[in-house]
Amino acid sequence: MYHEIVIQTGNLDTCRYFYREILQLGEVIMDSNSFVMFKLTDQTMLTLEACSVRYLEHASGAVHFAFECCDVPALAERLKKDAVALSDPFDRMGRTCYRGCDPDGNAFIVIQKN
């Protein structure tokens, strides 16, 4: 079954760099001026979609996504270079997790891979 996560962004260029270089989410399979699609698994994609509407409130959105990370300290260092910090660790379903936001304020959770 195909799954796609779509994140709307006001600054596609900044978010393209952030998701590709900082979060290192996976292979970019489509890249244009209106969207960027990352292949997370064979049937799961994450799409950044350019959206210029002014009513979007990214940080207060009800939806966020979560992903596993093998090396959270290395991710935290990459995030610091963009003046972004992960939250203090917390437990979620028996796993160590951290909260973060992209440059537009879209929230995500980083799950420490065991």
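How many salt bridges does the structure hold? Six salt bridges, and I'll walk you through some of them in a few minutes. Before that, one thing to keep in mind: what you see above is a predicted model.

Okay, let's start with the sheet. Four strands make an open sheet, and if you read across it the order is 5-8-7-6, with mixed pairing. At the edges sit strand 5, residues 65–69, and strand 6, residues 90–92, and each of those pairs on one side only. Going from one strand to the next, the twist averages 40°. As a quick reminder, strands of a sheet pair through backbone hydrogen bonds, either parallel or antiparallel. Here, strand 6 and strand 7, which covers residues 95–101, go together in the antiparallel sense, over three bridges. If you want to find that spot on screen, look for Phe 90: its bridge partner in strand 7 is Cys 97.

Now helix 1, residues 12–22. Which of its residues are buried? That would be Leu 12, Cys 15, Arg 16, Phe 18, Tyr 19 and Ile 22. Right after the helix comes Gln 24, and its phi is positive, near 50°.

That takes us to the inside. The largest nonpolar core has 23 residues, and the ones with the most contacts inside it are Tyr 19, Leu 23, Leu 48, Phe 67 and Val 110. Which element gives the largest share of this core? It's helix 1, with five residues. The elements that put in two or more residues are helix 1, strand 3 (35–41), strand 4 (44–50), strand 5, helix 2 and strand 8 (107–112).

Let me zoom in on Phe 67. Skipping residues up to four places away in sequence, Phe 67 touches Leu 23, Leu 25, Leu 75, Phe 108, Ile 109, Val 110 and Ile 111. Then there's Phe 65, which you'll find in strand 5. Is Phe 65 buried or exposed? Buried: its relative accessibility is 8%, and the cut-off for buried is under 20%. With neighbours within four places in sequence set aside, the contacts of Phe 65 are Ile 5, Ile 7, Tyr 19, Leu 25, Leu 46, Ala 107, Phe 108 and Ile 109. Take Leu 46 from that list: Phe 65 and Leu 46 are 19 residues apart along the chain, and their C-alpha atoms are separated by 9.8 Å.

You'll have noticed a lot of rings going by. Searching the whole structure turns up six aromatic pairs. One of them is Phe 18 with Tyr 19, an edge-to-face pair, 5.6 Å centre to centre with 75° between the planes. Both Phe 18 and Tyr 19 are buried. And why is the pair of Phe 65 and Phe 67 called stacked? Because the ring planes sit at 25°, with the centres 5.8 Å apart, and planes under 30 degrees apart count as stacked. Phe 65 and Phe 67 are both buried, too. Put the rings together and you get one aromatic cluster made of Phe 18, Tyr 19, Phe 65, Phe 67 and Phe 108.

Right, back to the charges, as promised. Side chains of opposite charge can pair when their charged atoms come close.

Take Glu 68 and Arg 95: they form a salt bridge, and their closest N and O atoms are 2.5 Å apart. Glu 68 is in strand 5 and Arg 95 is in strand 7, so this pair ties together parts that are 27 residues apart in sequence. Glu 68 is partly exposed at 42% relative accessible area, and Arg 95 is partly exposed at 24%.

The next one is Lys 80 with Glu 77, with 3.4 Å between the closest N and O atoms. These two both lie in helix 2, residues 72–81, three residues apart, which is about one turn of the helix. Lys 80 is exposed, at 56% relative accessible area, while Glu 77 is partly exposed, at 44%. There's also a little network, in which salt bridges that share partners join Asp 13, Arg 16 and Asp 31.

Finally, Asp 42 and Lys 39 meet through their side chains in a salt bridge, 3.7 Å from N to O. Asp 42 counts as exposed, at 60% relative accessibility, and Lys 39 as partly exposed, at 29%.

That's the tour, thanks for listening.

How values were computed. Residues numbered from 1 in each chain as written. Predicted model: local features only at pLDDT ≥ 70, side-chain atom pairs only at ≥ 80, totals over all residues. Heavy atoms only, no water. Pairing = 2+ DSSP bridges. Axes fitted to C-alpha atoms, helices over the stretch in contact; angles between N-to-C directions. Buried < 20%, exposed > 50% of the residue type's maximum accessible area, 1.4 Å probe, protein only. Salt bridge = Lys/Arg side-chain N within 4 Å of Asp/Glu carboxyl O. Core = buried A, V, L, I, M, F, W, Y, C linked by side-chain atoms within 4.5 Å. Contact = heavy atoms within 4.5 Å. Phe/Tyr/Trp six-rings, centres within 6.5 Å; stacked < 30°, edge-to-face > 60°.
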